[in-house]
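Dear colleague,

I am passing on the structure below, and after it you will find notes on what turned up when I went through it. Please read the notes with the model open beside you.

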Amino acid sequence: ANKFTWNFTTVEMTPPVVSTFSPADDTVGVNTNANLIITFNEAVVADSGDVRIRQYADDAVFETVPVTDARVSGGGTNTITIDPAGSFAGETEYYVEIDSTAIDDLSGNSYAGIIFKTTWNFTVADIGAPTVASLTPADDATGVGDDANLVIEFDEPVTAGSGSVRIKETVGDATFESIPATDVRVSGSGTATIVVNPTASFAASTGYYVEVDATAFEDLTGNPYAGISDKTTWNFVTGSTTAPTVLSFSPTDDAT
């Protein structure tokens, strides 16, 4: 008798399990065009199910991808890559569902799939540029004080960049003051409110407008504010500093 006369091998019955997800679960700042990558502990192949990508907030389906679709690659290896047709929306959280029939190992054992929204979720990066919520003095304001600060209220926190804020006279376009965004006269970096404090006082009864370089401010993820390059977006007129005098009284003084 010998061990070669009658020998056999049992079938592999352990289902594949996930080693890693990419993006990793709970990742923040994911690229809008990111692929979804699943690395298993063994080689796998596509079977008959779907991969669904949903928005976390309302469970709306962003995209359904059959595992036999051309957008799914890597069959026969440990790594499955899903390439969504659309781009993810900025600052939006998503989660992934996978049918329990979607992926098998080479012995036909099925991956358990994903049914919970907390198993594999991620948030897309902020790709929107900051915008102005309000300007002070307001555009076209009149009677502005000669020592007024310029205040820009953004829709999100911003930081100072490499550009400048320029205040110009409406008539003649002469530069009244040019202030780098990193100057001590500019405060509020890291918040949504930027305050520009000119060194000099404005002239009375004079029109001014403000330019802001497109490189002057950016949000916390590096998206730059578009800036102001025209003389009509933010302009204002200062008030008169001459006190009014009386020309006449009626009745006249000492009238009887």
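**The five-stranded sheet**

One open sheet in this predicted model is built from 5 strands in the order β12-β21-β19-β15-β16, and its pairing is mixed. Its edge strands are β12 (141-144) and β16 (175-180), each of which pairs on one side only. On average, and with direction ignored, neighbouring strands of this sheet are turned by 25 degrees against each other. Within the sheet, strand β15 (residues 164-169) and strand β19 (residues 207-212) run antiparallel and are joined by 5 bridges; if you would like a landmark for this pairing, R166 stands opposite E211 in β19.

**The four-stranded sheet**

Another open sheet has 4 strands in the order β11-β13-β18-β17, and here the pairing is antiparallel. Since β11 and β17 (186-187) stand at the edges with a single partner strand each, one side of each is left without a neighbour in the sheet.

Going through the sheet strand by strand, β11 (residues 132-136) is joined to β13 by 4 bridges, the two running antiparallel, and S134 stands opposite E153 in β13. On to the next pair, β13 and strand β18 (residues 193-196) also pair in the antiparallel sense, over 4 bridges, with V195 in β18 as the bridge partner of V151. Finally, β17 and β18 run antiparallel and are joined by 2 bridges, and V186 has V196 in β18 as its bridge partner.

Strand β13 (residues 150-154) deserves a look at its two faces: L150, I152 and F154 lie on the covered one, whereas V151 and E153 lie on the uncovered one.

**The nonpolar cores**

Which residues have the most contacts inside the largest nonpolar core? That core has 26 residues, and the ones with the most contacts inside it are L150, I194, F202, V212, F217, W234 and F236. The elements that give two or more residues to this core are β12, β13, β15, β16, β18 and β19, and among these, β12, β15, β16 and β19 are strands of the five-stranded sheet, while β13 and β18 belong to the four-stranded one.

L150, on the covered face of β13, may be a useful residue from which to inspect this core. Leaving aside its neighbours within four places in sequence, L150 is in contact with T136, P137, I167, I194, V195, V196, F202, V210, W234 and F236. A second core, separate from the one just described, has 25 residues, including V44, V72, I98 and I103.

**The chain as a whole**

The protein chain has 0 helices and 21 strands. Its radius of gyration is 32 Å, well over the 18 Å that the globule rule gives for 256 residues, and the chain is therefore more spread out than a compact globule. The C-alpha trace spans about 145 × 40 × 25 Å along its principal axes.

Of the 256 residues in the protein chain, 35% are buried. The chain exposes about 13800 Å², of which carbon and sulfur atoms supply 53%. As for the contacts between residues at least 6 apart in sequence, 68% of them join residues that are at least 24 apart.

With best regards

Definitions and conventions: Residues numbered from 1 in each chain as written. Predicted model: local features only at pLDDT ≥ 70, side-chain atom pairs only at ≥ 80, totals over all residues. Heavy atoms only, no water. Buried < 20%, exposed > 50% of the residue type's maximum accessible area, 1.4 Å probe, protein only. Pairing = 2+ DSSP bridges. Axes fitted to C-alpha atoms, helices over the stretch in contact; angles between N-to-C directions. Rg over C-alpha atoms; globule rule 2.2 N^0.38 Å. Contact = heavy atoms within 4.5 Å. Areas by Shrake-Rupley, 256 points an atom, 1.4 Å probe, with all protein chains shown as cover. Core = buried A, V, L, I, M, F, W, Y, C linked by side-chain atoms within 4.5 Å.
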